[in-house]
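Pull up the model and have the sequence handy. We'll take a walk through it, one region after another.

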Amino acid sequence: MPKVSVIMPAYNAVSYLEESVRSLTSQNFKDWELLLVDDCSKDDTAILAKKIAASDSRIQFIPKEKNSGSADTRNTGIKLAKGEFIAFLDADDLWEPNFLETMIPFMEKNHSPFSFASYRIVDENGFEFCEPFLVKTKEYSYSDLLHYNRVGLLTAIYHVPSVGKKFFDPSLKSLRDDYALWLDILRDGKRAFANSEVLARYRVRRGAATSNKKKVMLAHFRMLKNREKISTFYAFFLTLVHGILGLRKYRNK
């Protein structure tokens with residue numbers, strides 16, 4: 001069984017897919033499998049993904065029959081995952097070569113059920129246009145994350161024996177479904193151990209769902225109020241805090 005299962009959803013990502021997969025195959029840590037799930041792309045993503053999978057026995061290409069969004073697409077990969085750890089790398093994001101080599105021992109040393117790290121923010125061409133998003137090396141509770149989501153999906157890893165297989169909520173329409181998953185993991189008193197090292201590169205693409213700030217803020221508010229059962233006033237306050245801190249996240253270098 002592989003030590004780490006990497007879940008990669010892909011949709012119309014033909015321009016970035018090969019580079020993203022290469023950031024995995026170039027890892028110093030080699031004990032992994034990749035579940036590469038295509039969500040009925042309209043471009044040549046599926047053709048490229050199939051070709052990539054044929055070149056490495058650790059990569060499994062999974063074509064879906066119906067487009068259903070990134071949450072359900074990631075869940076498809078999670079269901080098939082065999083690893084002790086589950087990590088997430090989107091088809092346009094990048095890991096530094098020491099990402100797994102650093103994070104897996106870090107989690108084992110701290111007996112961490114869930115961990116994440118700092119990351120750089122790049123544009124469509126891979127150039128940094130703002131300061132890295134930094135987290136402190138410390139433990140984070142459910143309450144800490146409720147007040148501000150510090151977890152970048154591309155750096156998140158959870159330990160299956162500690163928390164079981166956790167899935168994304170498709171009802172959230174691929175908006176704030178990752179945040180809801182982190183809260184699910186921590187809700188019963190477990191803590192996340194964050195690593196302050198900058199270990200990945202998050203690509204900001206024009207037209208991405210998360211680039212529509214008003215839509216994301218509304219989804220954030222609804223998730224807190226309806227799913228986390230927080231009062232309307234407090235959910236509004238936390239959404240406002242997230243919005244303000246989110247704007248600061250993309251400050252220019």
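Let's start with strand β2, residues 32–38, in this predicted model. Is β2 enclosed or open to the outside? Count the residues and you get 7 of the 7 buried, so the strand is largely enclosed by the rest of the structure. The cut-off behind that word is a relative accessible area under 20%.

Now look at which way the side chains go. In a regular strand, they alternate between the two faces of the sheet. Here W32, L34, L36 and D38 point one way from β2, while E33, L35 and V37 point the other way. Both sets are buried, and that includes the acidic D38 and E33 as well as the nonpolar residues.

What sits alongside β2? On the one hand there is strand β1, residues 4–10, which runs parallel to β2 and is joined to it by 7 bridges. If you want a spot to zoom in on, S5 stands opposite E33 of β2. To get from one strand to the other, look for helix α1, residues 17–25: β1, α1 and β2 together make a right-handed β-α-β unit.

On the other hand there is strand β3, residues 59–63, which pairs with β2 in the parallel sense over 5 bridges. Two places to check are L34, which stands opposite I59, and L35, whose bridge partner in β3 is Q60. The chain crosses from β2 to β3 by way of helix α2, residues 45–54, and this β-α-β crossover is right-handed as well. So β2 takes part in a right-handed β-α-β arrangement with β1 through α1, and in another with β3 through α2.

Next, the charged side chains. Side chains of opposite charge can pair when their charged atoms come close. How many salt bridges does a search of the whole structure find? The tally is 17. One of them joins the side chains of D90 and R74, at 3.0 Å from N to O. D90 sits in the loop between β4 (85–88) and β5 (94–95), and R74 is in helix α3, residues 70–80, so the pair links parts of the chain 16 residues apart.

R74 has a second partner to look at: its side chain also meets that of D177 in a salt bridge, with N and O 3.8 Å apart. That pair reaches from helix α3 to helix α7, across 103 residues of sequence. Are these residues buried or exposed? R74 counts as buried because its relative accessibility is 5%, and D177 is buried too, with a relative accessible area of 2%. D90 is likewise buried.

Helix α7 takes part in another salt bridge as well. R227 pairs with D184, and their closest N and O atoms are 2.9 Å apart. Because R227 lies in helix α8 (residues 213–227) and D184 in helix α7, the pair ties together parts that are 43 residues apart in sequence. The burial of the two partners is worth a look: R227 is partly exposed, with a relative accessible area of 27%, whereas D184 is buried at 15%.

R227 also has a polar contact at 2.9 Å with the side chain of D169. You'll find D169 in the loop between α6 (160–163) and α7 (177–186), and at 18% relative accessibility it counts as buried. Put these residues together and you have part of a network of salt bridges, which links D169, D184, R187, R227 and E228.

Finally, turn to helix α9, residues 232–249, for a view of the surface. F236, L240 and I244 form a nonpolar patch there, with about 300 Å² of accessible area together. I244 lies in α9 and counts as partly exposed because its relative accessibility is 47%. L247 is in helix α9 too, and at 64% relative accessibility it counts as exposed. How far is L247 from R74, the residue with the two salt bridges described above? From C-alpha to C-alpha they are 27 Å apart in space, and in sequence they are 173 residues apart.

Conventions
Residues are numbered from 1 along each chain as its sequence is written. This is a predicted model: local features need pLDDT of at least 70, side-chain atom pairs count only at pLDDT 80 or more; totals for chains, interfaces and linings use all residues. Side-chain values use heavy atoms; hydrogens and water are left out. Patches are made of residues with over 30% relative accessible area and no salt bridge: like charges are joined within 9 Å, nonpolar side chains (Val, Leu, Ile, Met, Phe, Trp, Tyr) within 5 Å. Accessible areas come from the Shrake-Rupley method with a 1.4 Å probe; for residues, only the protein chains shown count as cover. A salt bridge is a side-chain nitrogen of Lys or Arg within 4 Å of a carboxyl oxygen of Asp or Glu. Helices (H or I, at least four residues) and strands (E, at least two) are DSSP runs, numbered from the N terminus. Buried means under 20% relative accessible area, exposed over 50%, partly exposed in between (1.4 Å probe, protein chains only). Two strands pair if DSSP finds at least two bridges between them. A crossover is right-handed if, with the strands pointing away from the viewer, the path from the first strand over the helix to the second runs clockwise. A polar contact is a pair of N or O atoms within 3.5 Å; within protein, one must be able to donate a hydrogen and the other to accept it, and residues adjacent in sequence count only if both atoms are side-chain atoms.
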